[in-house]
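Here is a short walk through one protein model. Keep the sequence and the 3D view side by side as you read.

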Amino acid sequence: MFGSMALELAISMVFVYLLLSLLCTAINEWIAGLMALRPKTLEQGIRNLLNDRTGTGFAKRLYDHPLIRGLSEQGHKPSYIPSRVFALAFLDMIAPVDAAGSSRSLADVRTLVGKIADTELQRILLILIDQSGAELNRLRLSLENWYDESMNRVSGWYKKKTHKIIFVLAFLLTVLVNADTIMIVNALSRDATLRASIVAAAQQAAAQPLPQGGGQASETVTTLRSQINALQLPIGWSADARDSRAVPTSWGDALMKLVGLSLTVFAVSLGAPFWFDLLNKLVNIRSAGKPPETVIEREERVSRVQQANP
């Protein structure tokens with residue numbers, strides 16, 4: 001019995017953390033779109049790749065290239081550039097095809113690269129040319145690999161930026177809704193009906209794929225808020241001093257509140273994928289074991305025992 005309740009508590013809390021994490025992720029996507037965080041991070045990576053710190057040299061020429069301009073709306077910079085498009089555009093920048101349409105050779109490209117004033121960029125390109133043998137197509141592939149390796153670092157930059165934003169959002173959201181881990185666990189441990197309803201919702205969520213970004217962030221936030229409200233979680237602030245959700249009035253209660261809120265902030269900052277994977281594992285463990293007996297089944301079992309031992 002205790003093991004079943006502990007598993008239900010774990011599933012319930014993981015599901016709560018998952019919903020709060022998804023809410024933070026949706027808000028973060030909205031902020032990222034508002035701040036054009038993806039395009040700006042990509043441009044930062046392009047500038048670093050081409051050794052153009054000010055963005056007025058090769059980086060600007062690359063963004064002005066028709067192949068790159070076509071990736072986004074007019075007046076906006078792209079948030080993603082495929083490696084093949086980058087290689088073709090950059091190769092056309094350093095060794096453009098003339099109006100007559102005469103084919104380029106690797107020797108022509110080497111000659112033009114030798115005229116680049118930026119010695120650091122020139123050195124990198126000459127290394128890539130040497131690796132390409134005598135095939136121009138292999139140079140394009142080398143440029144693609146060079147770009148992909150740089151974009152891996154850019155992805156790391158973006159993840160660090162978004163993680164900082166999500167941590168701040170987790171803090172603000174947790175305090176705003178008073179999502180105190182200790183308070184929620186205490187309430188769930190006392191209310192079997194509430195615990196069962198959350199476990200049922202968690203099982204339904206685990207049976208579906210993790211929601212991904214790409215939709216309207218405002219709609220996602222509204223949907224998640226409705227889901228959280230439907231669970232009737234013991235969260236929010238109360239003006240009643242007798243309510244566990246009230247603002248603490250003693251140092252001891254304040255310390256417990258601080259610990260409970262801090263646990264939630266840390267948990268939510270781990271991200272939705274982490275909690276979704278853990279939720280699936282816990283749900284599978286529960287499904288593999290014997291289903292816990294209901295209240296009616298337990299009363300019938302106790303009654304049978306009492307009748308057998310008057």
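This is a predicted model. Its mean pLDDT is 86, and 87% of the residues reach 70 or more. Confidence is highest in helix α12, at a mean of 95. Confidence is lowest in α14, residues 295-308, at a mean of 55.

Start with the overall build. The protein has 14 helices and 0 strands. Read along the sequence, one helix follows another, in the pattern α-α-α-α-α-α-α-α-α-α-α-α-α-α. The chain holds 310 residues, and 39% of them count as buried. Now take the contacts with a separation of 6 or more: residues 24 or more positions apart account for 72% of them. The accessible surface comes to about 18300 Å². Carbon and sulfur atoms make up 58% of that surface.

Next, find helix α6, which spans residues 106-113. Leu106, Val109 and Val113 are buried there. Seen down the helix axis, the buried residues fall within an arc of 60°, so they line one face of α6. What do they pack against? Their partners are α5 (83-94), α7 (119-131) and α8 (136-177).

One of those partners, α5, contains Ser83. Ser83 has a relative accessibility of 15%. The cut-off for buried is under 20%, so Ser83 counts as buried. Leaving aside residues up to four places away in sequence, Ser83 touches Glu144, Tyr147 and Asp148.

Move on to the loop between α11 and α12. Leu231 sits in this loop. Is Leu231 buried or exposed? Leu231 is buried, because its relative accessible area is 9%, and the cut-off is under 20%. Which residues does Leu231 touch, not counting those up to four places away in sequence? They are Phe15, Leu19, Leu194, Ile198 and Ala201. Leu231 can also be compared with Arg195: the two are 36 residues apart in sequence, and their C-alpha atoms are 9.6 Å apart in space.

Val247 lies in the loop between α11 (217-230) and α12 (251-269) too. Val247 is exposed, because its relative accessible area is 55% and exposed means over 50%. Val247 also belongs to a nonpolar surface patch of about 640 Å². The other residues of the patch are Phe167, Val168, Phe171, Leu172, Val175 and Trp237.

To recap the loop between α11 and α12: Leu231 is buried, whereas Val247 is exposed.

Note on methods: Residues numbered from 1 in each chain as written. Predicted model: local features only at pLDDT ≥ 70, side-chain atom pairs only at ≥ 80, totals over all residues. Heavy atoms only, no water. Patch = residues over 30% accessible without salt bridge, like charges linked within 9 Å, V, L, I, M, F, W, Y side chains within 5 Å. Areas by Shrake-Rupley, 256 points an atom, 1.4 Å probe, with all protein chains shown as cover. Salt bridge = Lys/Arg side-chain N within 4 Å of Asp/Glu carboxyl O. Helix = DSSP H or I, 4+ residues; strand = E, 2+ residues; numbered from the N terminus. Buried < 20%, exposed > 50% of the residue type's maximum accessible area, 1.4 Å probe, protein only. Arc of directions from axis to C-beta. Contact = heavy atoms within 4.5 Å. pLDDT = per-residue confidence, 0-100.
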